[in-house]
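Student: I should like to study this structure through a series of questions. May we look at it together and settle each term as it arises?

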Amino acid sequence: MIKLIPKYLLYFVVILLIQLLIVQNIQLSGYINPYFYVLFLLLLPFNTADWLLLIFGFILGFTMDIFTNTLGLHTSATVLMAFLRPYVLKMIAPRDGYGEGTLPVLKQYGLGWFLKYTLLLVLAHHFFLFLFEAFSFAYILDILLRVLISSVCSILLIVVSQYFIFRR
């Protein structure tokens, strides 16, 4: 695990830079807000301890909050996502379980599995983020529309990135 730290530190920095410098500037009338930075939590190894996932989620969200001035919105959403990740992995586990030394990536488990994994976690993240941003159920239809459109865009970016990061 120690030898993976530089690799994941590089992932952290590169993914955050892509989010902050490129993706953060994509907004169409407030409905399309893709969040690519959640890819970092999605790429962590299967055997990452639950407490470590929560710490990574906190650091990732806190870093986003610092640069976007959102006062804890991203932190709470990424901590929720990190909390849900082990349950989602159990729910969609292959019949034989996860192979030793494999990663939760498209290349190793296929597009169908990766889409389920990404869809569940990204929807949870986006719903929580947009609901607490509005902080009212009065705008639930707008929130659901933003969640749907932004999730589709985020998932497309994440899946396309898999073809660049984990080429055969």
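Tutor: Contact means heavy atoms within 4.5 Å. This is a predicted model in which local features need pLDDT of at least 70 and side-chain atom pairs count only at pLDDT 80 or more, while totals for chains, interfaces and linings use all residues. Residues are numbered from 1 along each chain as its sequence is written, and side-chain values use heavy atoms, leaving out hydrogens and water.

Student: Which residues does Ser 161 touch, not counting residues up to four places away in sequence?

Tutor: Ser 161 belongs to helix α6 (residues 140–165); helices are DSSP runs of H or I with at least four residues, numbered from the N terminus. Setting aside residues up to four places away in sequence, Ser 161 touches Phe 36 and Leu 39.

Student: Is Ser 161 buried or exposed?

Tutor: Buried means under 20% relative accessible area, exposed over 50%, and partly exposed in between, with a 1.4 Å probe and protein chains only. The relative accessible area of Ser 161 is 8%, so Ser 161 is buried.

Student: How do the planes of Phe 46 and Tyr 109 meet in their aromatic pair?

Tutor: Rings of Phe, Tyr and Trp (its six-membered ring) pair if their centres lie within 6.5 Å; planes under 30 degrees apart count as stacked, over 60 as edge-to-face and the rest as tilted. The whole structure holds 17 aromatic pairs. For Phe 46 and Tyr 109, the centres are 5.6 Å apart and the planes stand at 90 degrees, which is edge-to-face.

Student: How many residues apart in sequence are the parts that Phe 46 and Trp 113 tie together?

Tutor: Phe 46 and Trp 113 also form an edge-to-face pair, with 6.2 Å centre to centre and 70 degrees between the planes. Because Phe 46 lies in the loop between α2 and α3 and Trp 113 in helix α5, the parts tied together are separated by 67 residues.

Student: Why does Phe 46 count as buried?

Tutor: The cut-off for buried is under 20%. Phe 46 counts as buried because its relative accessibility is 19%.

Student: What is the relative direction of α3 and α4?

Tutor: Axes are lines fitted to C-alpha atoms, for helices over the stretch in contact, and angles run from 0 to 180 degrees between N-to-C directions. The axes of α3 and helix α4 (residues 73–91) come within 7 Å and cross at roughly 155 degrees. Angles under 35 degrees count as roughly parallel, over 145 as roughly antiparallel, 65 to 115 as roughly perpendicular and the rest as oblique. The crossing angle therefore makes α3, relative to α4, roughly antiparallel.

Notes:
Helix = DSSP H or I, 4+ residues; strand = E, 2+ residues; numbered from the N terminus.
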